[in-house]
Every structure is written in C-alpha cells, then in structure tokens.
Amino acid sequence: MSNKVVLYIAMSLDGYIARKDGSVDWLFDVEGDGGDSGYAAFYQTIGTVVMGRTTYEDVLKLSEDFPYADRPTYVLSRSEQPPALHVQFTTEPVESLIPRLQQASDADLWIVGGGQLVQAVMDKRLLHEMEVAIIPKILGEGIPLFPEGIVPSNLKMMGTQTLGQIVSIRYQVQI
C-alpha cells in the first residue's frame with residue numbers, strides 16, 4: 001500500500017489541540033503565512049478523512065458548510081448514530097477500519113482528531129506520518145494531542161516550515 005495514514009493538526013505550545021470545551025477559537029488570530037499555511041496543498045493529497053465523533057461535532061460548529069464534503073469521511077463513534085449527510089458513522093475498530101480504508105483509497109488517509117482517535121491509531125501502530133503546526137500560545141489546560149497513556153513512539157523529523165508565527169514540523173512515525 002503506497003497511501004499513508006497521516007495526522008495533520010495544530011496544537012498549542014503546551015500540547016493542547018482544543019480548550020476543555022472543544023473550542024479552537026485560539027487558532028483564529030495567529031499570524032500565519034498570509035495564505036492558508038499549506039492546507040490546500042496538504043488536502044490535495046487526501047483521499048479519505050477519519051475523525052472522532054466529538055471532533056465531528058466541533059467541526060459542525062465552525063461552519064455552515066461541512067469542509068470535507070468532497071471526500072469520503074468516516075466518523076468513529078462508540079454507539080450507533082443516525083445517518084448524516086456527508087459522513088459515514090462507524091463503530092468499527094481502527095485496527096480493521098484503517099487498513100480497509102487504505103485499500104479502498106487512492107490517496108492518503110487523514111486522521112483529523114481528536115486525542116482519543118490519535119491514541120487509538122498510534123496504539124495499533126497505524127500512523128505513518130504526522131505534521132504538527134505549533135501555535136505560539138500557551139493554553140494552560142485543554143484537550144491534549146497525546147493523552148496520558150499513549151504508546152511511546154519514535155519519530156524521525158522529515159522537515160520543518162515557518163509559516164508566519166507558526167512552526168510546522170513533519171515527522172515519520174517509526175513503526
């Protein structure tokens with residue numbers, strides 16, 4: 001399989017991806033590169049989107065238009081959910097879902113978040129790459145990118161990029 005499972009996410013300098021209530025309002029006043037800070041180029045490499053249910057609900061609050069409507073999107077949930085426009089809810093474990101989606105996709109799979117999904121994917125050694133945009137803010141508390149108990153992992157830095165006040169670091173996960 002040539003397509004990868006990638007995490008592309010922003011976090012505060014102290015390691016949080018959202019406030020305790022799931023809010024990401026702290027992301028919107030950061031000086032980036034004056035454009036989309038590389039998002040469009042990244043998104044072109046994506047064939048399938050995978051996220052947790054809480055992240056899905058938070059994404060719905062950010063915009064009236066679902067931002068991933070043009071890609072197959074899977075939302076992991078612990079319980080059955082009613083059908084929804086633009087997404088497929090699933091209770092399938094990541095260890096069978098991710099390889100199945102990789103086989104069905106002609107491009108990379110994006111693990112959007114949140115922390116519990118990242119932990120599950122890393123615990124099963126399914127993540128190939130991560131690109132983390134470090135936002136120059138300290139939140140003090142919130143939802144961590146790497147929850148306590150996450151499997152220890154070795155990473156190999158593949159590159160860095162400065163995007164205004166944001167530093168983006170791309171890693172290969174050493175599986």
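Is Tyr56 buried or exposed, and at what relative accessibility? In this predicted model, Tyr56 has a relative accessibility of 8%, so it counts as buried. That makes a handy place to start looking around.

**Helix α2 and its inward face**

Tyr56 has company: in helix α2, which runs over residues 53–62, Thr55, Asp58 and Val59 are buried along with it. Look down the axis of α2 and these buried residues fall within an arc of 165 degrees, so they line one face of the helix. What does that set of residues pack against? The partners are four strands: β3 (46–52), β4 (73–76), β5 (88–90) and β6 (108–113).

**Rings meeting rings**

Tyr56 also takes part in an aromatic pair, with Phe66 as its partner. Phe66 sits in the loop between α2 and β4, 10 residues away from Tyr56 in helix α2. With 12% relative accessibility, Phe66 counts as buried because the cut-off is under 20%.

The structure holds 12 aromatic pairs in total. Another one joins Phe42 and Trp110, whose ring planes stand at 85 degrees with the centres 5.2 Å apart, so this pair is edge-to-face. Here the link spans 68 residues, from Phe42 in helix α1 to Trp110 in strand β6. Both of these residues are buried.

Here are the two pairs side by side.

| Pair | Centre to centre | Angle between planes | Arrangement |
|---|---|---|---|
| Phe42 and Trp110 | 5.2 Å | 85 degrees | edge-to-face |
| Tyr56 and Phe66 | 5.8 Å | 65 degrees | edge-to-face |

Step back and you'll find these four residues in one cluster linked by ring pairs, together with Tyr8, Tyr39, Tyr43, Tyr68 and Phe89.

**A pocket and a cavity**

Two members of that cluster, Tyr8 and Phe42, turn up again at the second largest pocket, where they are among the residues nearest the centre. Glu129, Glu131 and Arg170 complete that central group, and the whole lining comes to 17 residues. The volume of this pocket is about 250 Å³. Which elements give two or more residues to its lining? They are β1 (5–12), α1 (39–43), β7 (129–135), β9 (154–163) and β10 (166–174). By class, the lining is a mix of seven nonpolar, five polar and five charged residues.

There's also a closed space to find. A search of the whole structure turns up one cavity of 30 Å³ or more, and the volume of the largest cavity is about 30 Å³. Around it you'll see Met122, Arg125, Leu127, Val173 and Ile175. That lining has four nonpolar residues and one charged residue, with no polar ones.

**Two more residues to visit**

Trp26 lies in the loop between β2 (16–18) and α1. Its relative accessibility is 2%, so Trp26 counts as buried. Leaving aside residues up to four places away in sequence, Trp26 touches Met11, Ser12, Tyr16, Ile17, Ala18, Arg19, Ile135, Lys137 and Leu139. One of those contacts reaches a long way along the chain: Lys137 is 111 residues from Trp26, yet their C-alpha atoms are separated by 8.0 Å.

Finally, take a look at Ala120, found in helix α4 (residues 115–123). With 27% relative accessibility, Ala120 counts as partly exposed. Ala120 and Phe28 are 92 residues apart in sequence, and in space their C-alpha atoms are 28 Å apart.

How values were computed: Residues numbered from 1 in each chain as written. Predicted model: local features only at pLDDT ≥ 70, side-chain atom pairs only at ≥ 80, totals over all residues. Heavy atoms only, no water. Buried < 20%, exposed > 50% of the residue type's maximum accessible area, 1.4 Å probe, protein only. Arc of directions from axis to C-beta. Contact = heavy atoms within 4.5 Å. 1 Å grid on protein atoms, 1.4 Å probe; cavity = no way out; pocket = protein on both sides within 12 Å on 5 of 7 lines; lining within 4 Å. Points joined across faces, edges and corners; volume = space filled by probe spheres on them. Nonpolar A, V, L, I, M, F, W, Y, C, P; charged D, E, K, R; others polar. Phe/Tyr/Trp six-rings, centres within 6.5 Å; stacked < 30°, edge-to-face > 60°.
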